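Hello,

Here is the structure I promised to pass on to you. Have a look at it first, and then read on for what turned up in it.

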Amino acid sequence: MKTLISRRHWRLIAALILLESIPACAPKPSGPLAYVSNERDGTISIIDTGSDRLIQTIKVGARPRGIRLSPDGSRVYVALSTPSGHAYKESDNKIAAIDVSSGQIVAKYHIGSDPEQLAISRDGTKLYASNEDAGTLSVVDVQTDKLISTLVVGIEPEGVTISPDGRWVYVTAETSNTVSVIDTETGAVAATFMVDSRPRDAAFSPDGARAYVTTEAGSTVAVVDTKTHTVIHTIQIPRGDGVKPMGVVVSHDGGRIYVAMGRADAVAVIDAKRYQILTTIHVGQRVWGLAITPDGRKVYAANGLSNDVSVIDTATNQVIKTIKAGDGPWGIAIRG
């Protein structure tokens, strides 16, 4: 009897070993991937936009906020800083590069203190990152991790966005109420202009002729002529409970502007020609970052308090799916 039980036992162990030796055949994504930074638990959630399901979570540590994909789509860059309420640690404050194919961190760049948002040059060789507590923008060589320059860009810089042609980088500074314009050809600050109170994010029209800058306390969207770097119109977002314009994206045809309204738990849809709000879409709690799919059919909204991502159908302006993410979704990146 002992021998029979022993043989069965070993057969079971052998079968388990065989099963573990077979590679897992995870289903291939059915659409572009969305990468969501979760600032409170130090993770990146990866969502298949074809099936709208969470397929992977990557631990990056520290406090991840700003997140971008490299132009060729091979890497995800995320800005890491010391978590809120913790003593500052220099080792926390980096830009981490994640290899898309392996899901592994392959590099960490010395970018300066408290990086919040970043942009990548169109040739993928330079990183531009805002250093919120220092009032500067750091420019770093991706291949050598060498600091190329440090530029003064206002008080508490946050948003960093590069124009479609790669010529201009717009940096929003929330306390000085300014936008600094970096000329990527000269590496210098080419212009600075004022907007309403507490600018947070910027997005360019597909042709690069216009930029749209959200202002949290001003409750506006500044429309900017990028030839002259001047504000030509201001769109007023009706003030209300929790209305704080944050993230912004533009449709691929340039006709719609989508604005995350913070603690109002909604996304405003604005007609880019008439500068009028067409509708508001209820999403999760404290919506922050936004991203749009390459086909323009969906907008993804990161909700920092409800810990989920709302999927908006741009044809109907309705939320069609809510996907659980990590703790404190902040930013979203989808390759365009």
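**The first strands and their partners**

In this predicted model, S37 stands opposite I44 in β2. That pairing belongs to a set of 6 bridges that join β1 to β2, and the two strands run antiparallel. Between them the hairpin has 4 residues, and G42 there takes a positive phi near 65°.

β1 has a partner besides β2: strand β28, made of residues 329–334, pairs with β1 in the antiparallel sense over 5 bridges. If you would like a place to look, A34 stands opposite I334 in β28. So where does that leave the side chains of β1, on a covered face or an open one? Both faces are covered, with L33, Y35 and S37 buried on one side and A34, V36 and N38 buried on the other. In other words, 6 of the 6 residues of β1 (residues 33–38) are buried.

**The chain as a whole**

Stepping back, the chain has 1 helix and 28 strands. Its radius of gyration is 22 Å, close to the 20 Å that the globule rule gives for 336 residues, so the chain is as compact as a globular protein of that length. Along the principal axes, the C-alpha atoms fill a box of roughly 90 × 45 × 35 Å.

Some totals may help you as well:

- Of the 336 residues in the chain, 54% are buried.
- The exposed area is about 15,000 Å², and carbon and sulfur atoms supply 52% of it.
- Taking the contacts between residues at least 6 apart in sequence, 39% join residues at least 24 apart.
- There are 35 positive and 35 negative charges, and their mean positions are 8 Å apart.

**Strands β8, β9 and β10**

Another stretch worth opening in your viewer is the run from β8 to β10. Strand β8 covers residues 115–120 and is joined to β9 by 4 bridges, with the two strands antiparallel. These strands form a hairpin with 5 residues between them, and G124 in the turn has a positive phi of about 75°. β9 then pairs with strand β10 (residues 136–141), again in the antiparallel sense, over 6 bridges. That second hairpin has 4 residues between its strands, and the turn holds G135, whose positive phi is about 70°.

Which residue of β9 is the bridge partner of P115? It is N131. N131 also has a bridge partner in β10, namely T136. As for cover, 5 of the 6 residues of β9 (residues 126–131) are buried.

**Two buried residues, R200 and G304**

R200 lies in strand β16, which spans residues 199–204. Is this arginine buried or exposed? R200 counts as buried because its relative accessibility is 8%, under the 20% cut-off. Leaving aside neighbours within four places in sequence, R200 is in contact with several glutamates, E116, E158, E174 and E216 among them. Its other contacts include G159, T172, T214, P245, M246 and W288.

G304 sits in the loop between β25 (298–303) and β26 (308–313). With a relative accessible area of 0%, G304 is buried. Not counting residues up to four places away in sequence, G304 touches R40, Q285, R286, G328 and P329. T279 is 25 residues from G304 along the chain, and their C-alpha atoms are separated by 22 Å.

**Two backbone angles to check**

Most residues other than glycine have a negative phi. Two residues here go the other way. D52 is not a glycine, yet has a positive phi of about 55°. The place of D52 is the loop between β2 (43–48) and β3 (53–59), and this aspartate is buried, with a relative accessible area of 7%.

The other is E156, where phi is near 55°, a positive value in a residue other than glycine. E156 is found in the loop between β11 (147–152) and β12 (157–162). How is E156 placed with respect to the surface, and what is its relative accessible area? E156 is partly exposed, at 30%.

Happy to go through any of this with you.

Best wishes

Terms used: Residues numbered from 1 in each chain as written. Predicted model: local features only at pLDDT ≥ 70, side-chain atom pairs only at ≥ 80, totals over all residues. Heavy atoms only, no water. Rg over C-alpha atoms; globule rule 2.2 N^0.38 Å. Buried < 20%, exposed > 50% of the residue type's maximum accessible area, 1.4 Å probe, protein only. Contact = heavy atoms within 4.5 Å. Areas by Shrake-Rupley, 256 points an atom, 1.4 Å probe, with all protein chains shown as cover. Lys, Arg positive; Asp, Glu negative; His and termini not counted. Charge placed at Lys NZ, Arg CZ, Asp CG, Glu CD. Pairing = 2+ DSSP bridges.
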